[in-house]
Amino acid sequence: MGTGSDEYGRLIGPIESRMMRSIWRIVGDPHDAEDALQEALAAIWKSLRRVQEHPNPEALILKMCANAAYDALRRRRRRAAVGLAVDIEDASASPAESALRAERRAEILEAVSRLSRKQAVAVMMRDLEDMSYEDISQTLGCSEPTARTHVARARTRLATLLPHLLDHRPKKENRCEESDRPELRDAFSPERELR
Amino acid sequence: MKNPTDQNSEMRSVLKENLDRQLPPEVEQRLRGRLAAFRQQMRAVGSTAASGGHRVSVRRWRWALAVGAAASVLLVGVFHLFRQGEDGAALAYAAVLQQVRAAQTATCQVSVEAPGQPLQTLRCTFVEPALMRCDVGDAGAAIIDFGKKELLILDRTAQTFTVAQLDGVPYIDNLVERLKSLPDRMKEVESLGQRTFDGRSLTGFRTSGKGVTATLWVDPQAKELIRAEFQIGKTTATMTNLAFDVPVDESLLSLEPPQGYTRQETKVNIAELIAGASGAARAVPPEAQGTPAGIMKIWPSRGLSGPNMRMMAGEYYAEGYDVLHMIQDAYFISGPRVVIESPLPKGLYDVYFKAPEGHEAELWEAHNAALRAELEKQFGITAHTEKREMEVYVMTAPGGRAAALRDPESTIHGSYCEGSKYRNVGLGFLEYGLQGYLKKSVVDETGLTGHYDFELACKGTSPEAVVAAVQEQLGLKLTPEKRLIDVLVIEQAKTQK
């Protein structure tokens with residue numbers, strides 16, 4: 001067993017950038033990204049032995065990051081954040097493009113936060129981290145077919161929640177059907193501090 | 001209809017296109033600060049923690065190193081959060097939070113006030129990661145390992161000890177953990193101004209969440225936490241004489257009973273004892289004792305008039321809920337969209353649920369599924385969703401976007417509402433909130449799709465007052481009409497005797 005700094009160099013050092021990017025892509029907000037990274041590091045610290053002994057520590061750490069980012073998304077839903085992503089925009093994009101992208105990202109992240117934890121983590125690991133199903137199954141502690149199922153179900157659910165993005169149709173103006181958001185209900189229900 | 005495989009791969013492209021983006025340098029800098037602090041922490045604590053599982057070494061010199069190293073790096077990060085509009089008070093709060101979070105030990109006096117109970121004063125010691133000792137005068141002490149969920153009670157007078165598992169008493173509060181988890185964003189903290197305690201002028205901060213209100217009193221000059229009050233239900237726990245990172249005799253927190261003490265099979269209600277000893281705890285109610293993990297337990301409430309909920313470590317305990325609220329929780333739907341075709345059971349209920357082991361993080365998902373199952377089992381409630389023509393309020397903007405709906409000044413804090421101030425919110429936010437007052441669904445047909453800053457203050461909460469305020473202050477009209485919307489139909493429910 002190495003010293004603490006050795007362990008950092010061995011476990012975290014090589015994937016620092018991936019950890020940060022992974023959290024950022026899911027969370028998309030500087031403050032929440034910081035909080036999520038801090039939580040991920042705390043989780044790694046608490047489970048250091050498990051991480052050290054895991055057959056694929058890198059994948060496990062990335063899963064912890066995805067978990068923390070997913071929690072950040074859920075928390076944001078619960079504190080009634082309608083505009084999920086706070087974007088630091090690409091300077092080359094026009095204001096209109098930036099606004100459109102930010103809105104689309106916010107919608108996607110909102111939808112991701114509605115997936116179950118396993119589905120959200122699986123689809124993020126697959127589609128954003130380009131991890132193999134074998135790695136995903138190892139980190140989720142399930143079989144490879146199950147990992148495939150999680151990813152497929154997540155995509156199907158996202159497709160149901162975001163049909164207009166698939167069809168490239170303009171966004172519906174009447175948003176009455178998407179307003180059943182428990183996080184919003186809570187925001188207006190101060191007497192019920194449930195979530 | 002799309003082929004599912006095409007749809008699947010298209011969704012992958014959508015995710016990649018929209019979420020796969022570069023980390024901005026300023027965000028990377030912040031995150032690297034966090035990583036650097038963590039590296040320092042690992043270096044400082046060394047291999048002891050790594051090889052010893054979750055428990056960090058409790059040797060003093062290592063604490064000093066860990067605290068010093070982590071603090072020097074983290075301080076910058078924490079202060080960074082307050083760079084906008086900071087003042088002395090915010091900095092004092094940040095410094096205190098930093099000190100508390102970095103602390104490996106803490107000692108304090110805890111006074112507990114609960115209705116119908118005499119004031120109880122305890123001397124408490126906390127050691128990271130999860131040890132707590134509470135001394136009740138010279139009579140005895142309780143030592144709790146939250147990590148192992150074990151408890152040792154020492155009776156000094158009788159020289160006896162009792163060992164118990166905490167599984168039956170999950171609502172123990174580690175008050176130092178509560179302090180550590182206080183929010184670090186000032187927008188979530190209410191400033192209470194100055195107040196004098198024992199001739200000392202202190203600055204107050206208050207924050208609420210999950211049924212707990214925490215009030216901190218900080219010395220702004222010394223940047224020290226002097227007093228912390230936690231209001232949990234009707235119980236108040238006040239921490240005073242606080243000291244952090246003080247040397248602690250480890251043997252005092254050992255779960256091994258001292259020599260000469262004999263084991264006692266006690267009839268003491270451990271739950272109640274711990275509730276007192278920990279300052280603000282609540283035991284699992286007798287009705288829920290023995291409820292297996294993953295199973296929802298619902299029983300008639302013991303007379304509370306309003307809802308109150310606590311959630312901790314994979315467990316959920318709510319008091320005073322009516323069946324309609326339970327349905328809303330179980331199906332994640334707002335009240336006006338629940339159509340009741342069969343009368344619901346009356347009265348208030350308490351609810352207890354414990355997530356299956358290993359699934360504590362998925363408490364809500366498991367809770368909702370179990371609640372639906374129990375609603376069906378206990379109350380015979382079955383439901384389905386369908387589209388129905390319902391009476392709703394249709395929200396329109398006859399004059400287009402009113403001047404009151406301003407472009408957001410800032411989007412950095414996301415969307416939120418503080419009192420009458422709405423910041424960076426879309427009208428979906430407003431629409432949803434109005435439903436609670438109007439008791440009907442609101443359908444947004446304004447065509448206004450942006451996010452706005454605005455103020456909305458109503459004189460009263462009647463539908464008429466709300467409709468008038470929305471029109472006068474925001475230029476939005478709410479008209480009662482009929483529309484086809486998704487609803488949850490409660491088909492059947494049996495009433496309780």
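These legends walk through close-up views of a predicted model with chains A and B.

**View 1. Chain A as a whole is helices from end to end of its pattern.**
Let's start with the overall make-up of this chain. Chain A has eleven helices and zero strands, so there is no sheet to look for here. Of its 195 residues, 51% count as buried. If you take the contacts in chain A between residues at least 6 apart in sequence, 67% of them join residues at least 24 apart.

**View 2. Zooming in on helix H8 of chain A, which covers residues 133-140.**
Which residues of H8(A) are buried? They are Asp135(A), Ile136(A), Ser137(A) and Thr139(A). Step just past the end of H8(A) and you meet Gly141(A), which takes a positive phi of about 70°.

**View 3. Helix H8(A) meets helix H9 (residues 144-161) of chain A.**
The two helices pack at an angle of about 95°, and their axes are 8 Å apart. That makes H8(A) and H9(A) roughly perpendicular to each other, because angles of 65 to 115 degrees count that way. On the H8(A) side, the contact is made by Tyr133(A), Glu134(A), Ile136(A), Ser137(A) and Leu140(A). H9(A) brings Glu144(A), Thr146(A), Ala147(A) and Arg148(A). What sort of residues make up this contact of H8(A) with H9(A)? Four are nonpolar, two are polar and three are charged.

**View 4. Chain B has both helices and strands.**
Chain B comes to eleven helices and 23 strands. Buried residues make up 38% of its 497 residues. Looking at contacts in chain B between residues at least 6 apart in sequence, 66% join residues at least 24 apart.

**View 5. Four strands of chain B form an open sheet.**
Read across the sheet, the strand order is E16-E23-E18-E21, and the pairing is mixed. Strand E16 (338-340) and strand E21 (441-444) of chain B stand at the edges; each has a single partner strand, so one side of each is left without a neighbour in the sheet. From one strand to the next, the twist averages 45°. Helix H10 (residues 427-438) of chain B packs on the sheet, where it touches strand E18 (382-396) and E21. The direction of H10 makes about 155° with that of E21(B).

**View 6. At one edge of that sheet, E16(B) pairs with strand E23 (residues 477-492) of chain B.**
Three bridges join these two strands, which run parallel. To find one of the pairs, look for Val338(B): its bridge partner in E23(B) is Leu488(B).

**View 7. A close look at Asp444(B) in strand E21 of chain B.**
Is Asp444(B) buried or exposed? Asp444(B) is buried, because 26 other C-beta atoms lie within 10 Å and 20 or more is enough to count. Asp444(B) and Val394(B) are 50 residues apart in sequence, yet their C-alpha atoms are 6.1 Å apart in space.

**View 8. Strand E20 (residues 421-426) of chain B is largely enclosed by the rest of the structure.**
Why call E20(B) largely enclosed? Because five of its six residues are buried. Four bridges join E20(B) to strand E22 (residues 451-455) of chain B, and the two run antiparallel. As a landmark for this pairing, Lys421(B) stands opposite Glu455(B) in E22(B).

Definitions and conventions
Residues numbered from 1 in each chain as written. Chains lettered and ligands numbered in written order. Predicted model: local features only at pLDDT ≥ 70, side-chain atom pairs only at ≥ 80, totals over all residues. Pairing = 2+ DSSP bridges. Axes fitted to C-alpha atoms, helices over the stretch in contact; angles between N-to-C directions. Contact = placed C-beta atoms within 7 Å. Buried ≥ 20, exposed ≤ 12 C-beta atoms within 10 Å, placed from the backbone. Parallel < 35°, antiparallel > 145°, perpendicular 65-115°, else oblique. Nonpolar A, V, L, I, M, F, W, Y, C, P; charged D, E, K, R; others polar.
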